Amino acid sequence: MQSKSFLSVLLGWAMVCGSAQAAKVELIVDYPYADLFNSVHEQIAQRFTAQFPDYTVKFRAPTSDYEAAAQQALRHSVTGQLADVSYQGLNRQRVFVDRNIAVDLTPFIQAEPQWASSGYSDALLSLGQINGKQAGIGFSLSTPIVYYNLDLLSKAGLDEQALPTNWDDIIVLAERARQATPGTNGLHYDWEVTGNWLWQAMVFSKGGTMLNADESQVAFNGQVGRESIAQMGRMVQNGTMQNLTYADAQQLFVNGKLAVLSTSTSRLASIEKQIGDKFRMKTGFFPVYSEAGKVPAGGNVAMMFAQDPERQKAAWEYIKFATGPQGAVIMTQATGYFPANTLPVEDPAGLKDYYQANPNQYTAVKQQPWLTGWYAFPGENGLKITDVINDRLQTVFDQSVEPQVALDGMVQDVQALLK
């Protein structure tokens, strides 16, 4: 009897130990932009944990933007508090690869037997590839697009079926609209978004680059860069564009007081909701000037920072779920971003019917053929370079400095930080 009792105790203890070993893994996840993504991430986590009951998800308080997200993660890498999964801006991946914080996802991909049919195209995967590593998997992608108030622009002679294809024509049309309806503004170009994204867009659209091939010299100080900064100067030259914050410009646009707005497609869902039935709005392509012209992808990727193998296993399942068809549908329908997974786009049960019913949302998807990466400046001063570009662009749009002089200063600042 005593031996049976002893065996029962041992068995019970083993069951307790086994239960402890099978305890749920609580994934720590962080992300930026609460206003855009709070409900999105909550819905994804709910569906994920329902499908994977051995895992739970705990979110950290969202950061304000991509720069803050990167800075927080860098601090956490020093204090040993890194999240298991971190959503970082496309142009902020490089710093985590350079510092060996990002876990290379290539082995996880290679271990997936059905990966080829999972909807992750080579082109979209390339947006998360840094120095030979798969640093991230795209979650929410965006491109810069142009928003048109058709009611204001029709008074200025716009053919709604033939939207402008270059910035000079857009500027002229916006000014005509401003003159045709007194008390309205013509144009706002969201140059300040993330500091340098729409500067890159203007340069890339003309076939230019940020730096030379070995990343030792500034490359936007030639003809392409000078044409780009000159176009920005023409936006404000005659008062077509006022020196407004983006928040103020968006408010004017949704209230029908701004003819043309150029910003990220990620803002589309919010803008459409605020417009309601006040006026007719249509989105158009960001102008591209040549076959070599590109448009930089914006948005963020899911990165793995977890180091423990069991946590890595859970993190990989979560990344696949969030970036896969289920996560893509939740994210797309709640925002203006488009997914980095191709499966739901043509699936009637996914996003096909949604895009047919919401053609403004489909504009960014149709820009994919000329999509390119959001460039990340190299070295320890990558974040500072973004700041100095932002500061120099400010002087163009507040007209305190002539555009070409501002470009010369930008080139000098960036070159100094590259060294």
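**Strand β3 and its partners**

I began with valine 29, whose bridge partner in β3 is valine 85; I note here that the model is predicted. That pair belongs to the contact between β1 and β3, which run parallel and are joined by 2 bridges. On to β12: β3 and β12 run antiparallel, with 5 bridges between them, and I found tyrosine 87 standing opposite alanine 302 in β12.

Is β3 enclosed or open to the outside? I looked up its burial and found that 5 of its 5 residues are buried, so the strand is largely enclosed by the rest of the structure. I then separated the two faces: Val85, Tyr87 and Gly89 are buried on one side, and Ser86 and Gln88 are buried on the other, so that both faces are covered. I keep in mind that in a regular strand the side chains alternate between the two faces of the sheet.

**The sheet as a whole**

I traced the strand order next and wrote it down as β2-β1-β3-β12-β6-β13, an open sheet of 6 strands with mixed pairing. The edges are taken by β2 (55–59) and β13 (338–339), each of which has a single partner strand, so one side of each is left without a neighbour in the sheet. For the β2 edge I checked the pairing with β1 (residues 25–30): the two strands run parallel and are joined by 5 bridges, and valine 25 stands opposite tyrosine 55 in β2.

I also looked at what lies across these strands, and found helix α3 (residues 66–79) over β1, β3 (85–89) and β12 (298–304), running at about 135 degrees to β3.

**Glutamine 312**

I turned to glutamine 312, which lies in helix α13 (residues 309–323). Its relative accessible area is 16%, and because the cut-off for buried is under 20%, I enter glutamine 312 as buried. Leaving out residues up to four places away in sequence, I list Val103, Phe108, Met304, Ala306 and Gln307 as the residues that glutamine 312 touches.

**Helices α17 and α18**

Two packed helices are described by the angle between their axes and the distance between the axes. For α17 (residues 382–397) and α18 (residues 403–418) I noted axes that come within 9 Å and cross at roughly 170 degrees. Angles over 145 degrees count as roughly antiparallel, and α17 and α18 are therefore roughly antiparallel to each other. Among the residues that make the contact I noted Ile385, Val388, Arg392 and Val396 of α17, and Ala406, Met410, Asp413 and Leu417 of α18. Sorted by class, the contact has 11 nonpolar, 2 polar and 3 charged residues.

In the loop between α17 and α18 I located glutamine 399. Glutamine 399 is exposed, with a relative accessible area of 51%. Apart from residues up to four places away in sequence, glutamine 399 touches Val236 and Gln237. I also recorded that its C-alpha atom is separated by 8.6 Å from that of asparagine 243, 156 residues apart along the chain.

**The whole chain**

Finally I looked up the overall values. The protein chain has 18 helices and 14 strands, and 52% of its 419 residues count as buried. The C-alpha trace spans about 100 × 50 × 35 Å along its principal axes. The radius of gyration is 24 Å, which agrees with the value near 22 Å that a compact globule of 419 residues would have. Of the contacts between residues at least 6 apart in sequence, I noted that 77% join residues at least 24 apart.

Definitions and conventions
Residues are numbered from 1 along each chain as its sequence is written. This is a predicted model: local features need pLDDT of at least 70, side-chain atom pairs count only at pLDDT 80 or more; totals for chains, interfaces and linings use all residues. Side-chain values use heavy atoms; hydrogens and water are left out. Axes are lines fitted to C-alpha atoms, for helices over the stretch in contact, and angles run from 0 to 180 degrees between N-to-C directions. Helices (H or I, at least four residues) and strands (E, at least two) are DSSP runs, numbered from the N terminus. Angles under 35 degrees count as roughly parallel, over 145 as roughly antiparallel, 65 to 115 as roughly perpendicular and the rest as oblique. Contact means heavy atoms within 4.5 Å. Ala, Val, Leu, Ile, Met, Phe, Trp, Tyr, Cys and Pro count as nonpolar, Asp, Glu, Lys and Arg as charged, and the others, Gly among them, as polar. Two strands pair if DSSP finds at least two bridges between them. Buried means under 20% relative accessible area, exposed over 50%, partly exposed in between (1.4 Å probe, protein chains only). The radius of gyration is taken over C-alpha atoms; the globule rule is 2.2 Å times the number of residues to the power 0.38.
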